[in-house]
2 protein chains.
Amino acid sequence: MAKLPPRERILDAAEELFSREGIKAVGVQAIAGRAETTKMALYRHFATKDALVEEWLRIVAADYTAVFDRLEEAHPDEPRAQILGIARFIADGLPGISHRGCPFINSIAELPDRTHPARRLIEAHKANQMRRLTDLCARAGMSDPDEAATEITFVLEGAQVSTQNGSVEDAGERLMRIVEAVLDRHSAPKAAR
Amino acid sequence: MAKLPPRERILDAAEELFSREGIKAVGVQAIAGRAETTKMALYRHFATKDALVEEWLRIVAADYTAVFDRLEEAHPDEPRAQILGIARFIADGLPGISHRGCPFINSIAELPDRTHPARRLIEAHKANQMRRLTDLCARAGMSDPDEAATEITFVLEGAQVSTQNGSVEDAGERLMRIVEAVLDRHSAPKAAR
DNA sequence: CCCACACGATACCGCTCGGTATCTTGAGAT
DNA sequence: ATCTCAAGATACCGAGCGGTATCGTGTGGG
């Protein structure tokens, strides 16, 4: 297979190293090395390390958004199926040899400055996901879409951190059951609560 | 007020800086400076920076455990009250000028090495919390204590993450309502799901 | 054909990091 | 009164950081 152009190799290397080791723990030299190129080539494509971090997170966010889009396309008028699809996507990503944790949750821990462009990007992405989820809950006819979307968001995020710190086994299957239960409860004609 | 002994000042400074800026982002020099002492004094009390990180996390974990203990003492035979007390404790900690996020969630992102002593400490603490929560659910007579404890854990962790990334407003009140709903559902004699 | 330009390699910059060595000072215990 | 030992101050170490300068080289488009 032909080698990818340097910029792509650098982004692939960044994805691998940033998500495995963290942002601060990885030097530009190491990224260039793993991309089989040099620091100079890296700085020809990215102004600073921060800019590379930003671009990496932009791509990760776009990939997540693409999942939402694909599910919307696959189940145009089935909001419940879309929500379960998202949950399934997260659940399936949980194991994988040694879970590295959500790139957004991990990165935000290393970006305490709320004005940092990469952090702004993360917050915008999370806000956007929240909006879409709320919309889906509304279209599913739930009585309190805002509350339902919040609960689902909490559960999805919580499943990822609990998997990362090893406090929950079989988090994927548990996550699916929990999301279904949450959907049922919020979809109930009334009663419950 | 008399100055605390150097070791305490260093631990206070570490708490402040590590939780605000992150582990890797803070140098030992900065910690010594904020503790109004010197690097040498720091290394007289802690073998390495890692040892200081570990001690800091040990204290944070002990503080959380103390909350569990205090609640157990206050409501000896009311497991539900204890669980709600924990949720209230987390909920109340959510705001606070610019939420810094959970120290464990943040630190684990900077400690990808599962054999690192500080990471082991975090995982042991989270596993312990999970065990206590499961026990409380069992004593509350829930039909599936394991599932209930998992769901509550997910929700508690998720609330912290979502507050940190700003995707949810009024996370505290929402968290309380959700935990109550989860308890009700799992406590229901049968029915529901 | 040739020339521009991305690429790669190497050496370098100033700075900060974690960690150490040395020496002075001051207060508490005997 | 003296001895001890924690505490403070300062200077230093090697290493790695993010970022830059320079210079050959190969290849693809005019």
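This tour proceeds from chain A as a whole to the paired chains, the two DNA strands and a few single residues.

**Before selecting anything**

The model is predicted, and local features are reported only at pLDDT of at least 70, side-chain atom pairs only at pLDDT 80 or more, while totals for chains, interfaces and linings use all residues. Residues are numbered from 1 along each chain as its sequence is written, chains are lettered from A and ligands numbered from 1 in the order in which they are written, and side-chain values use heavy atoms, with hydrogens and water left out.

**Stop 1: chain A**

Select chain A and display it as a ribbon. It has 9 helices and 0 strands, where helices (H or I, at least four residues) and strands (E, at least two) are DSSP runs numbered from the N terminus. Along its principal axes, the C-alpha trace of chain A spans about 65 × 40 × 30 Å.

Now switch to a surface view. The accessible surface of chain A is about 9100 Å², and 53% of that belongs to carbon and sulfur atoms; such areas come from the Shrake-Rupley method with a 1.4 Å probe, and for residues only the protein chains shown count as cover. Of the 193 residues of chain A, 52% count as buried. Here buried means under 20% relative accessible area, exposed over 50%, and partly exposed in between (1.4 Å probe, protein chains only).

Contacts, meaning heavy atoms within 4.5 Å, also describe the fold. Among those in chain A between residues at least 6 apart in sequence, 63% join residues at least 24 apart.

**Stop 2: the two copies**

Add chain B. A turn of 180 degrees, with a shift of 0.0 Å along the axis, lays chain B on chain A with an RMSD of 0.0 Å; the superposition is by least squares on the C-alpha atoms of residues with pLDDT of at least 70 in both copies. The two copies are thus related as by a two-fold rotation axis. To find this axis from chain B, select B:Gly158, whose C-alpha is the nearest to it in that chain, at 2.1 Å. Of the interface residues of chain B, 100% are also interface residues in chain A, so the copies meet through the same surface.

**Stop 3: A:Val161**

Where in chain A does A:Val161 lie? It is found in helix α8, residues 145-164. A:Val161 is buried, with a relative accessible area of 3%. Show its neighbours: leaving aside residues up to four places away in sequence, A:Val161 touches A:Ile105, B:Ile105, B:Glu157 and B:Val161. Its C-alpha is also 6.6 Å from that of A:Gly101, a residue 60 places away along the chain.

**Stop 4: DNA strand C**

Select DNA strand C and the residues near it (those with a heavy atom within 4 Å). There are 16 residues around this strand, the closest being A:Thr37, B:Lys39, B:Met40, B:Tyr43 and B:Lys49. By class, they comprise 7 nonpolar, 5 polar and 4 charged residues. Nonpolar covers Ala, Val, Leu, Ile, Met, Phe, Trp, Tyr, Cys and Pro, charged covers Asp, Glu, Lys and Arg, and polar the others, Gly among them.

Helices α1 (6-21) and α3 (39-45) of chain A, and α3 (39-45) of chain B, each supply at least two residues of this surface. The largest share, 4 residues, comes from α3(A).

Next, display the phosphate oxygens of DNA strand C. A side-chain N or O atom of A:His45 lies 2.8 Å from one, a polar side-chain atom of B:Lys49 is 2.8 Å from one, and a polar side-chain atom of A:Arg9 is 3.2 Å from one.

**Stop 5: DNA strand D**

Move to DNA strand D. Which of the 15 residues around it come nearest? They are A:Lys39, A:Met40, A:Tyr43, A:Lys49 and B:Thr37. Of the strand's atoms that come within 4 Å of the protein, sugar and phosphate account for 43%.

Zoom in on three residues. A backbone N or O atom of A:Val28 is 2.9 Å from a phosphate oxygen of DNA strand D, and a side-chain N or O atom of B:Thr37 is 2.8 Å from a phosphate oxygen of this strand. B:Arg44 instead places a polar side-chain atom 3.0 Å from a base nitrogen of DNA strand D.

**Stop 6: two positive phi angles**

Most residues other than glycine have a negative phi. Select A:Asp170, in the loop between α8 and α9 (171-187) of chain A. Its phi is positive, about 50 degrees, although it is not a glycine. A:Asp170 is exposed, with a relative accessible area of 61%.

Finish at B:Glu36, in the loop between α2 (28-34) and α3 of chain B. The phi of B:Glu36 is also positive, near 55 degrees, and this residue is exposed at 55% relative accessible area.

Notes
Polar contact = N/O pair within 3.5 Å; in protein donor to acceptor, adjacent residues only side chain to side chain.
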